[in-house]
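The exercises below are meant to be worked with the sequence and the coordinates side by side. Try each task before reading the solution that follows.

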Amino acid sequence: MEVAYIIETLIKIVVILLVFSALAGFGTYFERKILAFMQRRLGPMHVGPFGLLQIAADGIKLFTKEDIVPTNAVGPIFKIAPVITAATAFMAAAAIPFLPQFTIFGYTVHPIVADVNIGILYILGVMAVGFYGPLLGSLASSNKFALISAARAASVFISYEVVTGLSLLAPLMMVGSFSLIDFNNYQAGGIGDWIIWSQPVAFVLFWIAAFAETGRTPFHLVANDHEIIDGFGTEYSGMRWGLFFIGEYANMFFISFVIVLLFLGGFGDGSVLGALGFLLKMSFFFFFFLWTRAAWPDIRPDQLMWLCWKVLMPLAVINVVVTGFVMMF
Amino acid sequence: MLENSIFVLLALFLLLGSAGMVGFKQTLFSAISFMMAMLALAGMFALLDNSFLFLAQIMVSVGAVVVLSLLVIVSVNVKEENLPKEPAKFRWMLFAVVLVAPLAIVIYKALTYMPHTWAKTGEGYGSLKMMGMTLFKDWVLPFEIVSVLLLAAMVGAIVIARKEPSNDA
C-alpha cells in the first residue's frame with residue numbers, strides 16, 4: 001500500500017512536470033500565433049507546418065546559447081533565482097485537481113498529487129515564494145534596469161497578494177473549506193450552483209489579481225520591454241532565462257485551473273463531459289491572458305498602485321462584509 | 001525518529017539563517033538568511049501538524065516581511081564602501097554569545113527538568129476551525145488590542161513619512 005502510494009505520487013509528479021513543461025513551450029507558440037492573428041500577421045510560419053516546430057527551434061536555441069554570468073553579479077543568487085520561479089510554479093500544481101478521478105485498468109486514479117485540506121492557502125503561499133525568482137534575480141544581476149524591475153516586482157506582488165487573499169475570503173466563507181475538491185463538489189449541481197453567480201465581485205477581483213500575480217499585460221511592469229529592457233531578465237541568457245519563461249507560462253496555466261475550480265464549477269460531477277468542460281473553461285482563461293496582451297496597453301506603476309489600494313482592496317473588504325451579513329441573516 | 005531528524009535539520013537551518021542574518025556584510029545575503037530562518041520556522045509549525053500556522057508563516061513572513069525588507073534594500077541601494085566599518089564585529093558577536101550563554105543554560109535546565117508527559121492535542125488540532133475559535137473567541141480581547149497597536153504603528157509611520165505641507169500652497 002505504502003509503496004504503491006509513493007510510486008503513484010511519483011508518476012503523477014513526473015506526468016505533471018512533463019505535460020506542463022511541454023505546454024509552457026506550446027504556450028509561447030499559441031501566444032505568438034494569437035497575437036499575430038489579432039494584429040493581422042501570420043506569426044511563425046517557416047519552421048515546420050504552420051511554424052509548429054518553432055518550439056523545438058526555440059528549445060535548441062535556448063539550450064545551446066552561452067550561459068553568461070556577469071562579473072559583477074552575485075553569483076549563487078543569480079544562478080538560483082530562475083530555478084525558484086520554475087520550481088515554485090510546479091510546486092503549486094501539487095494541490096490542483098487537474099481532472100476528476102477516473103478508473104484505469106481497475107485502478108482508481110485521483111489526478112491530484114496531494115489533496116491537502118488547505119489547498120488554496122498552499123497555492124497562495126507557494127506563489128508568494130515564487131515572487132522571489134524575479135526579485136532575487138534582478139537584485140543579484142547588478143543592472144540598473146533590473147533594479148527598477150526589482151522595486152516594481154516587490155511593490156506589485158505585495159500589493160496584489162492582499163487583493164488575492166481578500167477576494168478569496170468571501171467564497172471561502174460560503175464553502176467553509178480550503179480544499180479545491182470541496183470547492184468543486186460545492187458547485188457540482190450544475191451551472192446554477194457556480195460561485196460566480198453568488199460572488200461576482202470576488203470573481204472579477206481574483207481575475208484581475210491573477211494578471212498581476214502572473215505578471216501579464218496590463219500589469220507587465222516587471223519586465224516592460226519598452227521601458228526597462230527585460231527587467232529581471234536583462235542579464236540572463238540561455239536556459240536560465242528560459243526557466244523564467246517556463247515558470248511564467250506554467251503559472252498562467254495553473255492559475256487558469258484555479259479560477260475555474262474556484263468560481264466556474266470546476267469539473268462538475270466528474271463525468272467525461274464535465275472533464276472536457278473543465279479543460280475548455282481553463283483554455284478560455286489561458287486564451288484570455290493572450291487576448292488581453294493583444295488588446296490592452298500596459299498601465300503605469302502609480303496607476304497600478306492606485307488600482308490596488310484605492311479600488312480593488314476596498315471592494316474586496318466590502319464584499320467580505322456584505323457576504324458575512326448575508327450569511328448571518 | 002524521522003521527526004527528530006527533521007527537527008534537527010530545521011533547527012540547523014534556523015540557527016544558520018539567524019547567524020547569517022547578523023553576520024553577512026552584504027545586505028542582500030542578510031535578507032536571504034532571514035528568509036531561510038523564516039522558512040525553517042514555518043517547517044517547525046508543519047512538524048507540529050499545524051498546517052494553518054505553517055502557511056500563514058510562509059505567506060506573511062516570507063511573502064511580505066522579507067519582500068518589504070528587500071524593497072528597502074533596493075531603494076536604499078547601499079554600496080559596499082558606504083557600509084560602516086566593523087573591524088571587531090565577530091569579537092562583539094562572540095561576546096554576545098558568552099553573555100547569553102547562562103540564559104540558554106537556564107532554559108535548557110528548565111526544559112530538561114520538566115515532566116516527560118506531553119500535552120495531548122485535542123480533536124481537530126491545527127485545523128482552521130480550532131485556530132479561529134482560539135483566536136476570535138477565547139483570546140479575542142488580546143487579539144483586538146494587538147490590532148489597535150498595529151493601527152497606531154501604521155498611523156505613526158504615515159505621519160512620519162508624510163511630506164510637510166509647503167507654506168506657499
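**Exercise 1. Burial and packing in chain B**

What percentage of the 169 residues in chain B do buried residues make up? Go on to describe the helices of chain B and one place where they pack.

*Solution.* The coordinates are those of a predicted model, and every answer below should be read with that in mind. Buried residues account for 20% of the 169 residues in chain B.

Step 1. Chain B contains six helices and zero strands, and its pattern along the sequence therefore reads α-α-α-α-α-α, with helices counted as DSSP runs.

Step 2. Of the contacts in chain B with a separation of 6 or more, 60% are made by residues 24 or more positions apart.

Step 3. Helix α1 of chain B, residues 2-23, has 22 residues and spans 31 Å from its first C-alpha to its last, which is close to the 32 Å expected at 1.5 Å a residue. The buried residues in α1(B) are Leu10(B), Ala11(B), Gly17(B), Gly20(B) and Gly23(B), and they pack against α2 and α4 (89-113) of chain B.

Step 4. Ser33(B), which is placed in helix α2 (residues 27-47) of chain B, shows this packing from the other side. Because its relative accessibility is 7%, Ser33(B) counts as buried. Once neighbours within four places in sequence are set aside, Ser33(B) is in contact with Gly17(B), Gly20(B), Met21(B) and Phe24(B).

**Exercise 2. The interface of chain A and chain B**

How many residues does the contact take from each chain, and which elements of chain A give two or more residues to it?

*Solution.* Step 1. The contact draws 23 residues from chain A and 21 residues from chain B.

Step 2. About 2000 Å² is buried between chain A and chain B, and carbon and sulfur atoms give 88% of that area. On the side of chain A, the residues that lose the most area to chain B are Tyr132(A), Leu139(A) and Ile158(A), together 27% of what that side buries.

Step 3. The elements of chain A that give two or more residues to this side are α4 (119-130), α5 (132-140) and α6 (144-175). Among them, α6(A) gives the most, with seven residues.

Step 4. By type, the residues on the side of chain A that touches chain B comprise 19 nonpolar, three polar and one charged.

Step 5. A search for specific pairs across the interface of chain A and chain B finds zero salt bridges and one residue pair in polar contact, with both residues at pLDDT 80 or more.

**Exercise 3. Salt bridges in chain A**

How many salt bridges does a search of the whole structure find over all chains? Describe three of the pairs.

*Solution.* Step 1. The search finds five salt bridges over all chains.

Step 2. Lys12(A) is paired with Glu8(A), with the closest N and O atoms 3.3 Å apart. Both residues lie in helix α1 of chain A, four residues apart, which is about one turn of the helix, and both are buried.

Step 3. Arg240(A) forms a salt bridge with Asp67(A), the closest N and O atoms here being 3.0 Å apart. Because Arg240(A) lies in helix α11 (residues 238-263) and Asp67(A) in the loop between α2 (54-64) and α3 (75-92) of chain A, the pair ties together parts that are 173 residues apart in sequence. Asp67(A) has a relative accessible area of 43%, so this residue is partly exposed.

Step 4. Asp302(A) and Arg300(A) meet through their side chains in a salt bridge of 2.9 Å, N to O. Asp302(A) is partly exposed, with a relative accessible area of 43%, and Arg300(A), at 48% relative accessibility, also counts as partly exposed.

**Exercise 4. A proline within a helix**

Is Pro134(A) buried or exposed, and with which residues is it in contact, leaving aside neighbours within four places in sequence?

*Solution.* Step 1. Pro134(A) is found in helix α5 of chain A.

Step 2. Its relative accessibility is 10%, and because the limit for burial is under 20%, Pro134(A) counts as buried.

Step 3. With those sequence neighbours left aside, Pro134(A) is in contact with Thr85(A), Phe157(A), Phe232(A) and Phe244(A).

Step 4. The C-alpha atoms of Pro134(A) and Ile84(A) are separated by 8.8 Å, although the two residues are 50 residues apart along the chain.

Conventions:
Residues numbered from 1 in each chain as written. Chains lettered and ligands numbered in written order. Predicted model: local features only at pLDDT ≥ 70, side-chain atom pairs only at ≥ 80, totals over all residues. Heavy atoms only, no water. Contact = heavy atoms within 4.5 Å. Buried area = accessible area lost by both parts, 1.4 Å probe. Salt bridge = Lys/Arg side-chain N within 4 Å of Asp/Glu carboxyl O. Polar contact = N/O pair within 3.5 Å; in protein donor to acceptor, adjacent residues only side chain to side chain. Nonpolar A, V, L, I, M, F, W, Y, C, P; charged D, E, K, R; others polar. Buried < 20%, exposed > 50% of the residue type's maximum accessible area, 1.4 Å probe, protein only. Expected span 1.5 Å × (residues − 1).
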